[in-house]
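Hi there,

Here is the structure I promised to pass on. Please have a look at it, and then read my notes underneath.

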Amino acid sequence: MKLQVAMDVLTTEAALTLAGQVAEYVDIIELGTPLIKHEGLSAVRAIKDAHPDKMVFADLKTMDAGELEADIAFSAGADYVTVLGTAGDSTIVGAVKAAKAHKKGIVVDLIGVADKVTRAKEVTALGAVFVEMHAGLDEQAEPGFTFETLLNDGETARVPFSVAGGINASTIAAVQRAGATVAVAGSSIYSAADPAAAAAALKAAIV
């Protein structure tokens with residue numbers, strides 16, 4: 001299982017600092033949606049230039065114009081781009097077309113999708129390299145949210161998947177047992193007093 005850091009910071013400078021601290025311990029460096037909205041895709045290029053040996057993940061959460069938006073992000077240096085699972089099939093197909101042209105990958109984020117299992121199978125058939133079983137910050141704060149639901153959906157779908165939303169030292173082993181391809185850690189790394197140590201601990205927990 002690979003480890004992905006989700007950098008939910010707001011400036012390229014902060015992203016470069018955080019990436020520099022944790023790159024040794026992670027496989028994929030994600031530029032969060034707020035960062036890309038604030039700084040633009042120049043932030044993607046900056047991270048890729050600084051860490052050419054790492055996979056760079058642009059969390060665009062595209063909902064329309066899939067081919068165009070994916071092409072722009074791939075041209076900026078992204079290796080993975082996200083499209084929302086609630087988008088129409090044609091949007092996902094278009095993004096996959098751009099990914100194939102660049103020899104990169106589309107990840108479909110299932111945040112907000114009620115039936116994640118069914119949609120995971122559908123979008124994998126459309127060409128997504130993996131799906132993201134994702135609970136956003138707002139959803140995690142809602143009454144009744146359970147991390148186990150994400151893991152169960154991933155296991156049941158039987159497609160390559162990542163898990164995002166609640167990954168920390170106490171949950172990462174369960175993510176691996178569920179068969180995830182990627183564990184996505186955000187605040188447990190970037191909010192830690194020592195992000196490098198936090199990332200190292202998560203990486204060490206992957207067996």
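Below are notes on the pocket, one helix and one threonine.

This is a predicted model, in which local features need pLDDT of at least 70, side-chain atom pairs count only at pLDDT 80 or more, and totals for chains, interfaces and linings use all residues. Residues are numbered from 1 along each chain as its sequence is written, and side-chain values use heavy atoms, with hydrogens and water left out.

The largest pocket has a volume of about 570 Å³ (a pocket is an open set of points on a 1 Å grid over the protein atoms alone, where a 1.4 Å probe fits, with protein on both sides within 12 Å along at least five of seven lines; lining residues have an atom within 4 Å of a point). Of its 30 lining residues, Asp8, His134, Gly136, Leu137 and Gln140 are the closest to the centre. α7 gives the largest share of the lining, four residues.

In helix α4 (residues 66-75; helices are DSSP runs of H or I, at least four residues, and strands runs of E, at least two), Gly66, Ala70, Ala73 and Phe74 are buried (under 20% relative accessible area, 1.4 Å probe, protein chains only). Seen down the axis of α4, these buried residues fall within an arc of 100° (taken from the directions from the helix axis to the C-beta atoms), so they line one face of the helix. After α4 comes Gly77, with a positive phi near 115°.

Thr82 sits in strand β4 and counts as buried because its relative accessibility is 0%. A polar atom of the Thr82 side chain lies 3.0 Å from the backbone nitrogen of Leu60.

Best wishes

Terms used: Buried means under 20% relative accessible area, exposed over 50%, partly exposed in between (1.4 Å probe, protein chains only). Grid points are joined across faces, edges and corners, and a volume is the space filled by probe spheres set on the points. A polar contact is a pair of N or O atoms within 3.5 Å; within protein, one must be able to donate a hydrogen and the other to accept it, and residues adjacent in sequence count only if both atoms are side-chain atoms.
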